[in-house]
Amino acid sequence: TKQPTILVVIPYGFNDRLTMFPEFILSRMLARNGWRVLGVARIEKGEISESAVAGVHIHKYHSFLSGVWRVIALILREKPGVIHVHMLRNNRIGVVAGMLAKFLRIPLVFSEAGLLHDHYLVDDRDDPLEKPIMYEGIPKHFSLRAWRSYFIHWALMHADTVVFYSKHNVPIAQKLGIKNVRYIPLMTDELRWETTGIPGNIAERLPEESY
């Protein structure tokens, strides 16, 4: 049986500072359960372009154009069975990956921590319920006035499955017209996991009981 492959596209992370981010936990769990996991994120200071951590094959990019090229190359070469995009509101590479997924008919999953952090829906991200939610912030049809919002949220509106970590996002998403919405609570990975490929980094800083 061919090993299933998933491409996970996030704006940042896959490093020792963000080990408990849900996208990293999910990637490690999938790798432990027989999946080939490809992770894509923007490179940060001190990181290397490619590494393997806890079974996750991590690819980092320096700029938007290099990120687009990296995603296209991975999709064409690895032929993932699923593409999972996290945090679309600040993930332009995820937008591209989502469009490619729909064009190539690859199942697309989208995950978001909170719609109320989306500045197209609320005026104040620190106090989002101070004013009514702007439900017209994610347009269902293209218009010149809303082209940026449309581009950013295209994958969200067309994903095969949209997963929220907070149940309070579900009615908001449904009112926006987002389809195939699911609520899955945040997970915690308590199992010990091994790290390779980043010497002097993650492997040394994780506590003995691990995450």
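A salt bridge is a side-chain nitrogen of Lys or Arg within 4 Å of a carboxyl oxygen of Asp or Glu. In this predicted model, a search of the whole structure finds 6 salt bridges. Three pairs are tabulated here, each with the separation of its closest N and O atoms.

| Acidic residue | Basic residue | Closest N and O atoms |
|---|---|---|
| Glu-78 | Arg-77 | 3.2 Å |
| Asp-160 | Lys-102 | 3.6 Å |
| Asp-123 | Lys-131 | 3.9 Å |

**Asp-160 and Lys-102**

The salt bridge between Asp-160 and Lys-102 has its closest N and O atoms 3.6 Å apart. Asp-160 lies in the loop between helix 4 (147–158) and strand 7 (161–164), while Lys-102 belongs to helix 3 (residues 92–103), so the pair ties together parts that are 58 residues apart in sequence. Asp-160 is partly exposed, at 35% relative accessibility. Lys-102 is also partly exposed, with a relative accessible area of 29%.

**Arg-77 and Glu-78**

Arg-77 and Glu-78 form a salt bridge whose closest N and O atoms are 3.2 Å apart. Both residues also belong to a network of salt bridges that links Arg-36, Arg-77 and Glu-78. The relative accessibility of Arg-77 is 51%, so this residue counts as exposed; the cut-off for that class is over 50%.

**Asp-123 and Lys-131**

Lys-131 forms a salt bridge with Asp-123, and the closest N and O atoms of this pair are 3.9 Å apart. That value meets the criterion of within 4 Å. Asp-123 has a relative accessibility of 56% and therefore counts as exposed.

Methods:
Residues numbered from 1 in each chain as written. Predicted model: local features only at pLDDT ≥ 70, side-chain atom pairs only at ≥ 80, totals over all residues. Heavy atoms only, no water. Buried < 20%, exposed > 50% of the residue type's maximum accessible area, 1.4 Å probe, protein only. Helix = DSSP H or I, 4+ residues; strand = E, 2+ residues; numbered from the N terminus.
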